[in-house]
Amino acid sequence: MSSGFSYDFDVVVVGAGHAGTEAALAAARMGARTALLTMNCDTVGQMSCNPAIGGVAKGQIVREIDALGGEMGRVIDATGIHFRMLNSGKGPAMHSPRAQADKKAYQFEMKHRVELQENLSLRQETVEAIETEHGKVTGIRVSGDAVYRAGAVVLTTGTFLKAIMHTGEAKAEGGRAGDKAAHGVSGSLKALGIELRRFKTGTPARLNGRTIDFSRCEPQPGDQNPQPFSYMTDRIAQTQISCYLTSTTPEMHRIIRANLHRAPMYSGQIQSTGPRYCPSIEDKVVRFAEKETHQIFLEPEGRNTQEVYCNGISTSLPRDVQDQIIRLIPGCERAEITRYGYAVEYDFAPPTQLHPTLETRAVEGLYFAGQINGTTGYEEAAGQGLLAGINAALKLQSRGPLVLDRSNAYLGVLIDDLVTKGVDEPYRMFTSRAEYRLLLRQDNADRRLTPLGIQLGCVTAERAERFREYEREIQRGQEALLKYRSQGQSLEEWLRRPHEGWEQLYTIFPQLEELKLSERAREQLKIETQYAGYIRRQESEIARLQKVESVRIPDTFDFLKVTQLRHEAREKLTRLRPTTVGQASRVSGITPADIAVLMFYLN
């Protein structure tokens, strides 16, 4: 232990990105004295890549974060410049909110909320090592011979662990342009017995919007009636800014192919794995050789800047190649690059080393959240941070942990996938990963999770009261739909018809106006009424499966002694230590026969 300065806290959070801010805010809201440590206080909540929040499945995660009292939804509502509900022409389960942010406004707003939070201290520090005693975390050692003592530590190190940036043949240390890498933490983790591997991510060039001819691009306006992310936001009042659609060209593809030998991913300079579902333009040109063009979205980075983000052409090609290919994009013939694209290699810890609470198996009281767990995306990081912060506070309060079920939240799917299956590429969320996505809609996240947040104490009294009033509205509406009848049918049966809506019901029964139902309550009632049959079937399936899935596996259970299990099954189950039969069944390589044997022994 250091002999210099020391500071006492309950929880210390390392890293102030999207995971770290949510972790620190959650722990502090629950009464834990919390320190949030960052290498640079000017980059709290910074959007290192795309200046956007939400998207397919990701928008659902943001709603879930908000329902549990997190800040991401409220901050994007306050600072967004372009709002769209994706898949609005499909069923409600596919609706996904997305918004472009004013990047700097988002960052400053998040930092401001961190600074205002009681029980939370923001500190600029460089972390050197994790302090432990007898297998338990005791704090964090920082540069300058100082120690932050704490009973729980949440690591949210993003892409900064031993990070190297690549632009063509040029390499530089750093986890983000303009920011240095973190070196001490990786060695400290390895010394504690935690395995580390390498992943890669990338970012595209940014352009000076003054030099782009937007008349040659297709305008992409925001929604006329933008929907907020947060259940605490009544409406989006600010003026929206259009994005623009353009594309790559065959000549651009030809130049990229001619320079693949200079691309770090193809020259052998980068050995680590990148995100398959968000490939670089080099990968797209190679993997989809038959396609002559790929879409590019030109997205403004804010109201008070001319910088434009080129969504769709992430690259680590050399500067001179980037200069050539950018000017082959329609509308960008005279465009000036303000920041060149680059790739980042960084350390991460395979997440099968975690409990479902995101606490490490190797060190009690040490939690990981965000890209250190092999994920990609602001939303996935923020969700992990929120749950890690909540669980850190619960542990210190000697209360039971929060582990969300796959049937109750996309966050439950995310965590279960990470700790059970692990990752062989940067993980991002899709609606297809959720078995029960008809129940896990963006419109009902608060109904699924806010009661739990009230019980845990991680939501404010204002949010709790607003939710209770909303539930009272739903209750009044449900009672009225069953009570009133027309032509022998209840109004619920009328509303169930595909082409019927509340306007028709008000015509039939004007007294419904007396219920004073909000637009959101009416929409919720319509969705749940029209999909009632499907929802009941899915709930019945969940109840049937949970009888088996929820069977607990004791911490002391010795898989190695179950000789009827295959050797591979014994080895994997011993290493991963699933806590339930359901979790065991999702371990890669575990067969139904293995689960049958396991159930026999548990019974």
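## A walk through the chain

Of the 603 residues in this protein chain, 58% count as buried. Keep in mind as you click around that this is a predicted model.

**Stop 1: the whole chain.** Show everything as a cartoon. You should see 20 helices and 24 strands in the protein chain. The radius of gyration is 25 Å, close to the 25 Å that the globule rule gives for 603 residues, so the chain is as compact as a globular protein of that length. Along the principal axes, the C-alpha atoms fill a box of roughly 75 × 70 × 50 Å. Now switch on a surface: the protein chain exposes about 25,300 Å², and carbon and sulfur atoms supply 48% of that. How do the contacts run along the sequence? Among contacts between residues at least 6 apart in sequence, 73% join residues at least 24 apart.

**Stop 2: a four-stranded sheet.** Select strand 1 (5–8) and strand 8 (127–133), which are the edge strands of a sheet and pair on one side only. Then add strand 9 (residues 136–142) and strand 10 (residues 146–149). Together you have an open sheet of four strands in the order 1-10-9-8, with mixed pairing. What holds strands side by side in a sheet? They pair through backbone hydrogen bonds, either parallel or antiparallel. Try looking along this sheet: its neighbouring strands are turned by 25° against each other on average, direction ignored.

**Stop 3: strand 9 and its two partners.** Zoom in on strand 9, which is mostly covered, with five of its seven residues buried. Strand 9 pairs with strand 8 in the antiparallel sense over six bridges. Strand 9 also pairs with strand 10, again in the antiparallel sense, over four bridges. Click on Gly139 in strand 9: Glu131 has Gly139 as its bridge partner, and Gly139 also stands opposite Arg149 in strand 10. A little further along, look for Arg141, whose bridge partner in strand 10 is Val147.

**Stop 4: the turns.** Follow the backbone from strand 8 into strand 9. This hairpin has two residues between the strands, and His134 takes a positive phi near 55°. Carry on into the hairpin of strand 9 and strand 10, where three residues sit between the strands. In that turn, pick Gly144, with a positive phi of about 95°.

**Stop 5: a glycine in helix 1.** Select Gly20, which lies in helix 1 (residues 18–29). Is Gly20 buried or exposed? Gly20 is buried, because its relative accessible area is 0%, and anything under 20% counts as buried. What does Gly20 touch? Leaving aside neighbours within four places in sequence, Gly20 is in contact with Val13, Gly15, Leu36 and Thr156. Now draw a distance from Gly20 to Leu386: the two are 366 residues apart in sequence, yet their C-alpha atoms are 8.3 Å apart in space.

**Stop 6: the cysteines.** Finish by hunting for disulfides. How many are there? A search of the whole structure finds zero. Click on Cys332, which is in no disulfide. The nearest cysteine sulfur belongs to Cys310 and is 5.8 Å away, whereas a disulfide needs the two sulfur atoms within 2.5 Å. Cys332 is buried, with a relative accessible area of 0%. Then jump to Cys41: at 15% relative accessibility, Cys41 counts as buried too, because the cut-off is under 20%.

Conventions. Residues are numbered from 1 along each chain as its sequence is written. This is a predicted model: local features need pLDDT of at least 70, side-chain atom pairs count only at pLDDT 80 or more; totals for chains, interfaces and linings use all residues. Side-chain values use heavy atoms; hydrogens and water are left out. Buried means under 20% relative accessible area, exposed over 50%, partly exposed in between (1.4 Å probe, protein chains only). Two strands pair if DSSP finds at least two bridges between them. Axes are lines fitted to C-alpha atoms, for helices over the stretch in contact, and angles run from 0 to 180 degrees between N-to-C directions. The radius of gyration is taken over C-alpha atoms; the globule rule is 2.2 Å times the number of residues to the power 0.38. Contact means heavy atoms within 4.5 Å. Accessible areas come from the Shrake-Rupley method with a 1.4 Å probe; for residues, only the protein chains shown count as cover.
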